[in-house]
Amino acid sequence: MQVSVIKTTEPKNVSIPAAMAIGGAAGLGLRYAMPVYKPEMDYFVFNKSDVIKEDNVKAVKKNVIEKAQNLLKNDKENEVLKLFIRRAKASTTQQLKSVKAAIKKAPQEVQAGVKVMVDDLAAQMKASKNITIASIKNASRQARPYAHFILPGAALGALVGYAYNVVGTISED
């Protein structure tokens with residue numbers, strides 16, 4: 001007569017619905033974790049991502065120039081503001097060269113003041129660009145359909161759970 005050993009542990013079976021739930025949750029997490037590329041952003045905002053970014057940067061530049069002009073109205077003798085506004089409004093390279101020459105001829109304090117204002121404008125424009133891109137990317141992530149991430153994740157979870165159960169059953173024998 002054959003004697004069978006009594007097993008003290010349960011077999012290594014995984015519940016397939018639990019594996020599907022874990023896979024679906026992983027798919028949902030992937031929906032937010034996957035990077036957003038330019039074609040997806042353009043699809044979401046109808047090929048206007050570059051236009052939106054440029055408009056926001058131009059609006060920031062315009063706003064800074066208007067603030068400087070308002071300050072110049074109160075202090076008409078401020079050379080820093082005069083040179084900064086001339087430099088910010090320069091539309092051709094010839095105008096820009098003449099403004100840069102005037103800035104170089106100005107006293108050291110005026111040069112430093114103009115440099116600070118130009119650096120501040122550049123930082124604000126860069127921040128506006130980065131915030132706009134981040135906002136478009138976040139909106140694109142939010143527009144992604146849930147089903148495109150949850151269903152494949154659940155299917156993959158079920159497949160992994162099934163494969164684990166089969167491999168666990170085979171290894172026991």
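In the predicted model, alanine 19 is in contact with Val14, Gly157, Ala158 and Gly161, leaving aside neighbours within four places in sequence. Alanine 19 is found in helix H1, which runs over residues 16–33. Its relative accessibility is 13%, and because buried means under 20%, alanine 19 counts as buried. A further long-range pairing involves glycine 153: the C-alpha atoms of alanine 19 and glycine 153 are 9.6 Å apart in space, while the two residues are 134 residues apart in sequence.

Helix H3 comprises 26 residues, 49–74. At 1.5 Å a residue this helix should span 38 Å, and its end C-alpha atoms are 38 Å apart, so the expected and computed values agree. The buried residues of H3 are Ser49, Val57, Val64, Ile65, Ala68 and Leu72. The cover over these buried residues includes helix H2 (38–44), helix H4 (79–89) and helix H6 (108–143).

Contacts of individual residues add detail to this picture. Alanine 68, one of the buried residues of H3, is in contact with Leu81, Phe84, Ile85 and Met117 when neighbours within four places in sequence are left aside. Serine 128 is placed in helix H6. With neighbours within four places in sequence again excluded, serine 128 is in contact with Asn56, Val57 and Val60. Among these partners, Val57 is itself buried in H3. Serine 128 has a relative accessibility of 12% and therefore counts as buried.

The largest nonpolar core contains 15 residues. Within this core, Ala68, Leu83, Phe84, Ile85, Ile103, Val110 and Val114 touch the most other members. Two or more residues of the core come from each of H3, H4, helix H5 (93–105) and H6. H4 gives the most, with five residues. Of the contact partners of alanine 68, Phe84 and Ile85 are also among the core residues that touch the most other members.

The largest pocket has a volume of about 160 Å³. Its lining consists of Glu40, Tyr43, Phe44, Ser140, Ala143, Arg144, Pro145, His148 and Phe149. The elements that give two or more residues to this lining are H2, H6 and helix H7 (147–172). The largest share, three residues, comes from H2. By class, the lining has five nonpolar, two polar and two charged residues. H2 and H6 thus appear in two settings, as elements giving two or more residues to the pocket lining and as part of what covers the buried residues of H3.

The backbone between H2 and H3 was also examined. Most residues other than glycine have a negative phi. Phenylalanine 46, which is not a glycine, has a positive phi of about 60°. This residue lies in the loop between H2 and H3, and with a relative accessible area of 69% phenylalanine 46 is exposed. Asparagine 47 lies in the loop between H2 and H3 as well. The phi of asparagine 47 is positive, near 60°, in a residue other than glycine. Asparagine 47 has a relative accessible area of 61%, and because exposed means over 50%, asparagine 47 is exposed.

Key. Residues are numbered from 1 along each chain as its sequence is written. This is a predicted model: local features need pLDDT of at least 70, side-chain atom pairs count only at pLDDT 80 or more; totals for chains, interfaces and linings use all residues. Side-chain values use heavy atoms; hydrogens and water are left out. Helices (H or I, at least four residues) and strands (E, at least two) are DSSP runs, numbered from the N terminus. The expected span of a helix is 1.5 Å times one less than its number of residues. Buried means under 20% relative accessible area, exposed over 50%, partly exposed in between (1.4 Å probe, protein chains only). Contact means heavy atoms within 4.5 Å. On a 1 Å grid over the protein atoms alone, a cavity is a set of points where a 1.4 Å probe fits but cannot get out, and a pocket is an open set with protein on both sides within 12 Å along at least five of seven lines; lining residues have an atom within 4 Å of a point. Grid points are joined across faces, edges and corners, and a volume is the space filled by probe spheres set on the points. Ala, Val, Leu, Ile, Met, Phe, Trp, Tyr, Cys and Pro count as nonpolar, Asp, Glu, Lys and Arg as charged, and the others, Gly among them, as polar. A nonpolar core is a set of buried Ala, Val, Leu, Ile, Met, Phe, Trp, Tyr and Cys residues joined through side-chain atoms within 4.5 Å.
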